[in-house]
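Me: I would like to go through the packing of this model. Please take the core before the helices.
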Amino acid sequence: MKMNRIYLVGYMGAGKTTAAKRIANRLGWEVADTDALFEEKYKISVDDFFQKYDEQLYRKLEAEILKSTENLEQTVISTGGGTACFFDNMDWMNQHGLTVFMRISPESVVDRVLHSRHKRPLVRGKSEAELMEYVSWHYATRLPFYEQAQITVKSENFDLEGLIQTLYPPLSVKN
C-alpha cells in the first residue's frame, strides 16, 4: 500500500489541512495544500476568486493545480472541499496516490464553520439553521465522490497513529 503521495479529501471543516501537517510531520514528508498552491499561482485568495469570478472557472483551474501535484514525492496533499467532485479528480487522485477521506458529520462541520476565523465562501451570510440545512444537503451531494477514497478515517478525534498503522505498519512501532 506504500505510496509517494497521499491526498486528503473531504468536506470543508473536516480538518484536512491540519491532518496533512500532522501526517507529513509523522512520516518526515512534505505537505502541500491545493488552496495554497492556487493562491500562490494566481495571486488571489480562493475567497476573493469566488467573489470576482464563477465557480466553474475556479474548478477548472483547481483541477490544473491538482494535476500539478503529480511530480511531488513523499508529500501529503490537502485538497479543497470540492476538489474530489469535479473533472474526474477523484479518479485521477486514486491513480496518482493514496486517497484518504476525512469523514465528518454535518453537525461537526456547522460547529467548526461557525467558530472558525476563516469564513468559507459557500456558506457566507447564512444563519445557523440555514447553514445546517445547506451543509446537510451539500455534503450529501459530495459524499459519493469522497467515498471513492481508498481509506476513510473519522475526522472528529482524528487517530493519527491508527492511520499510520494502516499506511505503513512498520512505522507504527517507532515513537
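Reply: A nonpolar core is a set of buried Ala, Val, Leu, Ile, Met, Phe, Trp, Tyr and Cys residues joined through side-chain atoms within 4.5 Å. Buried means under 20% relative accessible area, exposed over 50%, partly exposed in between (1.4 Å probe, protein chains only). This is a predicted model: local features need pLDDT of at least 70, side-chain atom pairs count only at pLDDT 80 or more, and totals for chains, interfaces and linings use all residues. Residues are numbered from 1 along each chain as its sequence is written, and side-chain values use heavy atoms, without hydrogens and water.

Me: Which helix gives the most to the largest nonpolar core?
Reply: That core has 46 residues. Ile6, Ile23 and Tyr146 have the most contacts inside it. Helices are DSSP runs (H or I, at least four residues; strands are E, at least two), numbered from the N terminus. With six residues, the top contributor is helix 7 (residues 128-146).

Me: Which residues are in contact with isoleucine 6, leaving aside neighbours within four places in sequence?
Reply: Contact means heavy atoms within 4.5 Å. For isoleucine 6, the partners are Ile23, Leu27, Trp29, Thr75, Val76, Ile77, Leu98, Val100 and Leu167.

Me: Are helix 6 and helix 7 oblique or parallel to each other?
Reply: Axes are lines fitted to C-alpha atoms, for helices over the stretch in contact, with angles from 0 to 180 degrees between N-to-C directions. The axes of helix 6 (residues 106-114) and helix 7 come within 9 Å and cross at roughly 130 degrees. Angles under 35 degrees count as roughly parallel, over 145 as roughly antiparallel, 65 to 115 as roughly perpendicular and the rest as oblique. The two helices are therefore oblique.

Me: Which residues of helix 6 are buried?
Reply: The buried residues of helix 6 pack against helix 7. They are Pro106, Ser108, Val109, Val110 and Val113.
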